[in-house]
Structure formats: C-alpha cells, structure tokens
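Notebook open, model loaded. I'm jotting down what I look up as I go.

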Amino acid sequence: MTGTAAGRAGTRRATRRPGAAGGRGPDGVSGTGGTGGRHGARTGTVAVVLLVLLVATATWAVTVGPAGITPAQVWTSAWHELCSLAARGAAVCGPDPLTTIERAIVWDGRAPRVVGAAVVGAGLAVCGAVMQALTRNPLADPYLLGVSSGASVGAVAVLVLGVSVLLPVAAFVGALGALVLTLALATGRGGGLSPVRTVLAGVAVAQACSAAVSIVIFTSATGDSYREVLSWLLGSLGGTTWNETLLALGALAVVGTFLVAQGRALDAFTFGDVSAAALGVDVRRTRWLLLVAVALLAGVLVSISGSIGFVGLVLPHAVRLLVGARHHRLLPLAAIAGAVFLLLADTAARSVLAPQELPVGVLTAAIGAPVFAVLLRRGAR
C-alpha cells in the first residue's frame, strides 16, 4: 500500500464513529446491528429493573419510621396532593388517608428527604462517570479529585460565618476552585492529563482543603455552628427541605441533560485526547466545559447533602458491567442506580440505630472503601 493510500485508510479509521459498523466502541463490542440490538434489549431490561427498584425503594423509605404508615397510604395521599394542586374537586381527589400529624411526617419530613437522597445519589453517580471518562481514570470521582473537599471549604466557611443562605454558591465556588487547582497540577507540559498525576493531584488538593477546613473549625466554630459543620462534613440528608430538594432537582435536570447530550464526546475521550481530536472533538474546550458543569452540579449537591464519598466511584463501574461504557446508556442508568443506592444508604442510616441516626457518609464510605480496594487491586494487575 502506498503512503497516500495508507494515509486515506488511517483517516477513515480515525474518523469512523466509535462503535460504528465494523468498529469497536469504548465498551469493546462491535457496533453491528445484531450486537447493538442485544445491547439495546439488555439496556432496556436494566432500565426497567432499576426504575422499579427506584419506585419501590422510595415508597419503602417514606414508610420507614415509628409512625406506621403503609405504602397504600403514601400513594393515596400522593394522589390527593397532586389532585389538590390541580384544583380538582373532592369527588375526584378523594379523602386524604393521613392524619394531620402523619401528613406533616410524610410531606414535610420524609418525602423531601427521600427525593433529595435520590437526586443527590443520581447526580453524584453522573459526576463520577463523566470524570472517569474525561481523566481516563477509573478511580476518578468528585471526592477523590478534591471537588467535594473544595466544596467543603466554601460550605464550612459560610456555616461558621452564619450565612448559610449562601451555602450553594460557596460550595460551587469551592468545588470549582479545587477542580481547577487539581487539573492545573495534573496537566503536563504538553497539555495532556496523566491519570496517575490526576489522582495524586486530587489527593494533594483534597488534603489541603481538609487542612483548611480543620483550621476554620478550630479557630472559628463554636456551639451550634460546630455541630452543624460536623454533621455536614460527615454527610447527612436530615432536615432536607423542599426548597433544597427542588434546587438540586433543577441542577440535575439542567446539567444532567447537558452531560447526557455529550455522550458521544465522552465516548471519544475514552480513546485518548489524540483520538478524540481526530474524531472532531475540541478536546481542550470540551474538557473544561464538562468539568465546569461537573463542578457546578457537584457543588449544588454537596451543599445539600454534605460530603458523601464513593457514590460517584462505585455506581458507574457497577452499571458499566451491565450495559457497557457507551455514555448515552451509562449516564442515565448510573443516575438511577445512584439514586437507589443513596436511598438505601440514607434509609439504613436513619433506621439501623434508631432513634439515633448515623451520618450517611459513614455508610457510603463503609461500602465504597472495599470496592475501592478491589479496583486498586485490579488496576495493579
């Protein structure tokens, strides 16, 4: 083959869409119609199972507690609430099966917490999957790369100063600052990101942020602010309000939709920067755009839930084993799986030692640490 012919062939291979017919996608499977059909059927089955699990887990989580409320009461009351909001008459809406006290328990206490846990779990899982693709590092997540620790600095600062109304903004600024610092430390002279350098830079930034948080607490926190800061650092969804839940839901809807729409670019990043550029991706611009989006979403979520680790690390890997690494499939399913996981963890946190409540971040760490160790062992082989 002449050099010119070889060049044309190389160009055709480089510009071939990941997973297109005859090619091999990031999940290492052929993109032929038969294989795509099997993957589509499997993805559909996994999606249905996860959605059923999400609805069942959310319903169960609302019923858990000393009030003795049944799933039928929850759904009947939910229908009554929705019907009333639509200004339908009593003949259509029917009576609310809950007493006044039970309504307060469900709709002012448990429901916003359950929805908030689902939204935070979904968002953290999406952030983890995106960061793993952008850094080509299977161990990347907002916690490991210092994003959560940076958000902690901003959040703790406003909590100590008594201006908690600025918590989401401060958490976002802290998360973005930590992410920029991590990437600046990890970027080599040629502008590329080394996976090992990224993790090491993230660990260094996270430790620096932890030191800053400790200094702020040691020098400024007193009384109620100390307990509030400690609860936030350990991760807790107790006291979540509808306003906070709707803020997180809005961030997930907007940023999450944007990230899912970037699935093809994320697929290209898994081949490396050179291949991504050959596939038509503006590597530098797209990477920074996606990382800022991740910092925004993580900052909003962490401002509500506190520092919760390992959700963004564990769930993308679990879902990837089921449906492959194509991000247009991975991101939505990782979001649902993350919602189910954090719902289960939060419900366990408030019921295992009832009436005492464990910080949910402790449970996610207890589950995530062994998985992290397994991934490290696999990476060493």
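Which helix is Tyr-226 found in? I looked it up: Tyr-226 belongs to helix H9, residues 223–234. I then checked its accessibility, and at 41% relative accessibility Tyr-226 counts as partly exposed. I also took a distance across the chain: the C-alpha atoms of Tyr-226 and Val-160 are separated by 7.7 Å, though the two are 66 residues apart along the chain.

**Confidence**

A reminder to myself that this is a predicted model, so I went to pLDDT. The protein chain averages 79, and 82% of the residues score at least 70. Helix H1 (residues 3–15) has the lowest mean among the elements, 43, and helix H15 (residues 327–351) has the highest, 92. Over residues 1–33 pLDDT stays under 50. The model has 44 contacts beyond four places in sequence for that stretch. I'm leaving those alone, because predicted coordinates should not be read in detail where pLDDT is low.

**Helix H6**

Next I picked Ser-152, which sits in helix H6 (residues 147–161). Is Ser-152 buried or exposed? With 5% relative accessibility, Ser-152 counts as buried. I listed its contacts, leaving aside neighbours within four places in sequence, and got Val-213, Trp-232, Leu-233 and Ser-307.

**Helix H3**

I did a quick length check on H3, residues 71–85. At 1.5 Å a residue, its 15 residues should span 21 Å, and the end C-alpha atoms are 21 Å apart, so the two agree. The buried residues of H3 are Val-74, Ser-77, Ala-78, His-80 and Cys-83.

**The cavity**

Rolling a probe the size of a water molecule over the atoms shows where empty space is left. I asked how many cavities of 30 Å³ or more there are. The count comes to one. The largest cavity has a volume of about 40 Å³. I pulled its lining: Leu-124, Asp-141, Pro-142, Tyr-143, Ser-148, Ile-308, Gly-309, Phe-310, Val-311 and Gly-312. By class I have six nonpolar, three polar and one charged residues there.

**Phe-310**

One lining residue, Phe-310, made me look at its backbone. Most residues other than glycine have a negative phi. Phe-310 is not a glycine, yet it has a positive phi of about 80 degrees. I placed Phe-310 in the loop between helix H13 (283–305) and helix H14 (311–323). Its relative accessibility is 18%, under the 20% cut-off, so Phe-310 counts as buried.

Methods:
Residues are numbered from 1 along each chain as its sequence is written. This is a predicted model: local features need pLDDT of at least 70, side-chain atom pairs count only at pLDDT 80 or more; totals for chains, interfaces and linings use all residues. Side-chain values use heavy atoms; hydrogens and water are left out. On a 1 Å grid over the protein atoms alone, a cavity is a set of points where a 1.4 Å probe fits but cannot get out, and a pocket is an open set with protein on both sides within 12 Å along at least five of seven lines; lining residues have an atom within 4 Å of a point. Grid points are joined across faces, edges and corners, and a volume is the space filled by probe spheres set on the points. Ala, Val, Leu, Ile, Met, Phe, Trp, Tyr, Cys and Pro count as nonpolar, Asp, Glu, Lys and Arg as charged, and the others, Gly among them, as polar. Helices (H or I, at least four residues) and strands (E, at least two) are DSSP runs, numbered from the N terminus. The expected span of a helix is 1.5 Å times one less than its number of residues. Buried means under 20% relative accessible area, exposed over 50%, partly exposed in between (1.4 Å probe, protein chains only). pLDDT is the predictor's confidence in each residue, from 0 to 100. Contact means heavy atoms within 4.5 Å.
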